[in-house]
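Here's a quick briefing to read with the model open beside you. Have a look at the structure below, and then we'll go through it topic by topic.

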Amino acid sequence: MSNIKEYARKLRDENKGLRMKDVEDLMGRLMKEMIQEILQGEMESHLGYKKHERSESKNSRNGTREKTFKTDFGELPLEIPRDRESSFKPILVNNLGSLSDGLEEKIIALYARGLSTRDLNEHLAEIYGVKVSAELVSNITDKIYPKIQEWQNRQLDKVYPVVFFDCIHYSVRHESRVIKKAVYICLAIDSNGLKDILGMWIGDGAESAKYWLTVANELKNRGLEDILIACMDGLTGLADSIRAVFPKVEIQRCIIHQVRNSVKHVSYKDRKQICSDLKQIYGSPTEQSGYQALQEFKDKWDNKYPSISKSWETNWTELSTFFAYPNEVRRLIYTTNALESLNRQFRKVTKAKSVFPTDKSLEKSLFLAMQNITKKWTMPVRNWGLVVNQLEIFFEGRFSS
């Protein structure tokens, strides 16, 4: 490296103020010299002997190949040593080349984990010394859009034992203002007891039963013929929309949603007791005893909170569906917690993006997040063997595992 040092001294002695290009040229040459020495060291370690030494090894040096890398100091041409067996894989160069060789994969992977364009740019600059523009990130992630369409339009099973219907909301920029968009999500349990997201749809504005009808029709057009049990929140008209497409479906309204709505306007000092009394209703062993507990709740609280018992009685048919099944099935269907857990994971990934610039960017983020989340879904739901045996009896002729 003596020539590099002489060059540095010359610049220092002859120039009071160095131009930026001089500094970049100097640093580029220093970096290249250093990397070339490291590469020679890696090759010596790989072969087990130094250059010009004698060795009984069958493998030996076989010249070099040129490869150019982009750095903060411009393009850096390197001479990569080769061996006759082509078994030499330099660690340093693999790290240098990993960004250029797999740039798109890295950007997509980071985008899938919820990094904003700014955070993604800072990460790549810090680790790899490369800056990317928002336009580049968008262009790269747009390449997954055909995969999104393929996944969203894929053929479904004919029958799903249980399907959860729920919605999650995001802020999206639309015509110079920010509005809330509803993302409709269907999470199913298939015949093997495995969770499967059937689709995600971005609607306009608030969640609506009318749009759920569109979703149900699309599921049917993709090959879904029957749903045994549909679990959902208390959106008015949602159950009718699902029944219009799948008339034999059993509807289970989410008990947890019902309890939350019941205590929404309850005084803090009464909330604990009311929750305990409501548990006597949905925790009863039979529908008859559950309805009796509801009457006792009504007698106790109607003078102060008459709307609670009225809501439970109005929706009793859809709230009490789970009473017909054994505990293994009850635990699976009485709440939409499985889908709410998925929504929490989505929010964890997308929290860095308070506002999405377009529907398309929201769709890409959710799809990439979904791919990471569902990698862990390799085991059936708890006690699926017992559940499936019960369902085959209750829905004889409609379902077979």
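Let's start with one acidic side chain: Asp270 has a relative accessibility of 9%, so it counts as buried, the cut-off being under 20%. This is a predicted model, so keep that in mind throughout. Asp270 has a salt-bridge partner, Lys304, and that pair comes up below with its numbers.

**Salt bridges**

- The Asp270–Lys304 bridge spans 2.7 Å from N to O. It links distant parts of the chain, with Asp270 in helix 11 (residues 268–282) and Lys304 in the loop between helix 12 and helix 13 (306–314), 34 residues apart.
- Lys304 is the partly exposed end of that bridge, at 45% relative accessible area, while Asp270 is buried.
- Searching the whole structure turns up eleven salt bridges.
- Another one joins the side chains of Asp359 and Lys181, with an N to O distance of 2.8 Å. These two sit 178 residues apart in the chain, Asp359 in helix 17 (residues 359–374) and Lys181 in strand 4.
- Here the lysine is the buried end: Lys181 has 4% relative accessibility, whereas Asp359 has 29% and counts as partly exposed.
- Lys298 and Glu313 also meet in a salt bridge, at 3.6 Å from N to O. That pair connects helix 12, which holds Lys298, with helix 13, which holds Glu313, across 15 residues of sequence.
- Both ends of the Lys298–Glu313 bridge are partly exposed: Lys298 is at 28% relative accessibility and Glu313 at 27%.
- There's a network too, with salt bridges linking Asp240, Arg243, Arg253 and Glu318.

**Aromatic pairs**

- The count of aromatic pairs comes to 13.
- One of them is Tyr184 with Trp212, an edge-to-face pair at 4.9 Å centre to centre and 85° between the planes. Tyr184 is in strand 4 (residues 177–189) and Trp212 is in helix 8 (residues 209–221), so the pair ties together parts 28 residues apart in sequence.
- Buried or exposed, where do Tyr184 and Trp212 fall? Both are buried.
- Phe297 and Trp301 make a tilted pair, with 6.5 Å between centres and 40° between planes. They're four residues apart in helix 12 (residues 287–301), so about one helical turn separates them.
- Phe297 and Trp301 are both buried as well.
- Which residues form one aromatic cluster? Tyr291, Trp316, Phe322, Phe323 and Tyr334 do.

**Charges over rings**

- The charged end of Arg347 sits over the ring of Tyr170, 5.5 Å from the ring centre.
- Lys360 lies over the face of Tyr145, and here the distance to the ring centre is 4.6 Å.

**A closer look at Val387**

- You'll find Val387 in helix 18 (residues 384–394).
- With 1% relative accessibility, Val387 counts as buried.
- What does Val387 touch, leaving aside neighbours within four places in sequence? Its contacts are Glu328, Val329, Leu332 and Arg382.
- Take Leu332 from that list: it is 55 residues from Val387 along the chain, and their C-alpha atoms are 8.8 Å apart.

**Helix 16**

- Helix 16 covers residues 337–350, which makes 14 residues. From first C-alpha to last it reaches 20 Å, close to the 20 Å expected at 1.5 Å a residue.
- Its buried residues are Leu339, Glu340, Leu342, Asn343, Phe346, Val349 and Thr350.

**The chain as a whole**

- The protein chain has 18 helices and seven strands.
- It has 401 residues, and 43% of them count as buried.
- How are contacts spread along the sequence? Among those between residues at least 6 apart, 63% join residues at least 24 apart.
- The accessible surface comes to about 22,600 Å², and carbon and sulfur atoms account for 48% of that.

Technical notes:
Residues are numbered from 1 along each chain as its sequence is written. This is a predicted model: local features need pLDDT of at least 70, side-chain atom pairs count only at pLDDT 80 or more; totals for chains, interfaces and linings use all residues. Side-chain values use heavy atoms; hydrogens and water are left out. Rings of Phe, Tyr and Trp (its six-membered ring) pair if their centres lie within 6.5 Å; planes under 30 degrees apart count as stacked, over 60 as edge-to-face and the rest as tilted. Buried means under 20% relative accessible area, exposed over 50%, partly exposed in between (1.4 Å probe, protein chains only). A charge sits over a ring if NZ of Lys or CZ of Arg is within 6 Å of the ring centre and within 35 degrees of the ring normal. Contact means heavy atoms within 4.5 Å. A salt bridge is a side-chain nitrogen of Lys or Arg within 4 Å of a carboxyl oxygen of Asp or Glu. The expected span of a helix is 1.5 Å times one less than its number of residues. Accessible areas come from the Shrake-Rupley method with a 1.4 Å probe; for residues, only the protein chains shown count as cover.
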